[in-house]
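Student: Could you take me on a close look at the pockets of this model? I would like to see what lines them, and then one residue in detail.

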Amino acid sequence: MKTNKILVSVLVIGVLSGVLVYGISGTEKEKLLHEGSAMYFPSEVDFAGEKAPLQISDVRERLDRELLINANLDATTALIIKRANRVFPIIEPILAKYGVPDDFKYLAVIESGLVNAVSSAGARGVWQFMPETAKEKGMEVNDVVDERYHLEKSTEAACRYLLVAKEKFGSWTLAAASYNGGMNGINKRIEEQKVNNYYDLALTEETSRYVFRILALKEIMRQPAKYGFSIYSSDLYTRIPTKKVPVDSSITDLTGFAISQGINYKILKIHNPWLRDKKLVNPTKKRYEIEIPLEGY
């Protein structure tokens with residue numbers, strides 16, 4: 001009798017599962033079956049509230065490409081998700097302060113993977129500024145101090161750029177595209193092709209993929225389990241609490257300074273990557289703030 005009850009229970013579960021999967025439309029069935037794998041595809045996506053027209057075949061295919069690529073870059077994407085827990089809390093309030101949509105944090109993701117990357121062209125930092133552009137946006141860039149490596153200051157500079165681009169193009173999506181293709185480059189394509197929508201423009205390969213890469217990382221990072229990533233809160237990298245020590249004079253030996261703060265040179269450089277030399281030369285008495293960790297080092 002007990003065996004019969006078990007068999008009946010199994011049959012009931014099987015029938016219910018079949019109803020759940022097969023009692024829905026073909027499209028929804030496929031979506032349900034793909035959930036939890038790299039093959040998952042969302043019903044709709046948007047960037048900064050501007051919807052991507054997924055009903056257009058090439059738009060859908062271009063997004064699918066970036067989702068598949070990034071969902072299958074297991075280690076790379078997992079590391080980005082882990083880093084975001086440490087980096088996003090710094091970026092998010094700055095974007096909010098400037099009135100730049102929160103989605104632009106995913107632009108930083110595709111620019112650098114949320115590390116202080118160095119490109120072959122000479123762009124540096126999380127936001128990948130070239131030297132002259134960084135200076136134009138108010139950052140100090142020299143052999144001693146390079147604020148492209150300063151997350152807060154480079155995020156503020158990115159916001160200033162993006163606000164100008166939004167004013168010029170009237171679209172956050174085009175503003176994002178211009179971060180890769182340049183304002184002049186995007187404007188030229190708009191004038192040539194007589195359209196002013198990113199999804200209607202024929203652009204260079206890199207710029208054509210750019211916003212789709214942002215959309216893909218946004219979707220995966222917001223719902224990693226839907227794309228097959230099993231990442232728990234305990235796996236995420238946490239931000240170490242710090243204090244800011246104001247400095248308005250030269251420091252001839254950063255190793256000695258670090259020791260005086262109860263840390264070593266390595267820890268000092270980890271938390272202040274914008275310090276590019278073994279000393280801080282400051283003849284103009286500029287005020288800097290050096291971060292010193294309070295624990296976890």
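Tutor: Happy to; here is a walk through two pockets, followed by a glutamate. Please keep in mind that this is a predicted model.

Let us begin with the largest pocket, whose volume is about 690 Å³. It is lined by 31 residues, and those closest to its centre are Leu151, Arg239, Ile270, His271 and Pro273. At least two lining residues come from each of helix H4 (74-98), helix H7 (151-169), helix H12 (265-271) and strand E4 (288-293). H7 gives the largest share, with 4 residues. By character, the lining holds 14 nonpolar, 7 polar and 10 charged residues.

The second largest pocket has a volume of about 360 Å³. Here 18 residues form the lining, and Glu111, Ala123, Gln128, Met130 and Tyr179 are the closest to the centre. Two or more of the lining residues are supplied by each of helix H5 (105-112), helix H8 (172-181) and helix H10 (205-222). This lining splits into 9 nonpolar, 6 polar and 3 charged residues.

Now for the single residue: glutamate 291 sits in strand E4. Its relative accessibility is 9%, so glutamate 291 counts as buried, the cut-off being under 20%. The side chain of glutamate 291 has two partners to look at: a polar contact of 3.3 Å reaches the side chain of arginine 239, and another, of 2.6 Å, reaches the side chain of threonine 242. Beyond its neighbours within four places in sequence, glutamate 291 also touches other residues, including Glu152, Lys243, Lys244, His271 and Asn272.

Definitions and conventions: Residues numbered from 1 in each chain as written. Predicted model: local features only at pLDDT ≥ 70, side-chain atom pairs only at ≥ 80, totals over all residues. Heavy atoms only, no water. 1 Å grid on protein atoms, 1.4 Å probe; cavity = no way out; pocket = protein on both sides within 12 Å on 5 of 7 lines; lining within 4 Å. Points joined across faces, edges and corners; volume = space filled by probe spheres on them. Nonpolar A, V, L, I, M, F, W, Y, C, P; charged D, E, K, R; others polar. Buried < 20%, exposed > 50% of the residue type's maximum accessible area, 1.4 Å probe, protein only. Polar contact = N/O pair within 3.5 Å; in protein donor to acceptor, adjacent residues only side chain to side chain. Contact = heavy atoms within 4.5 Å.
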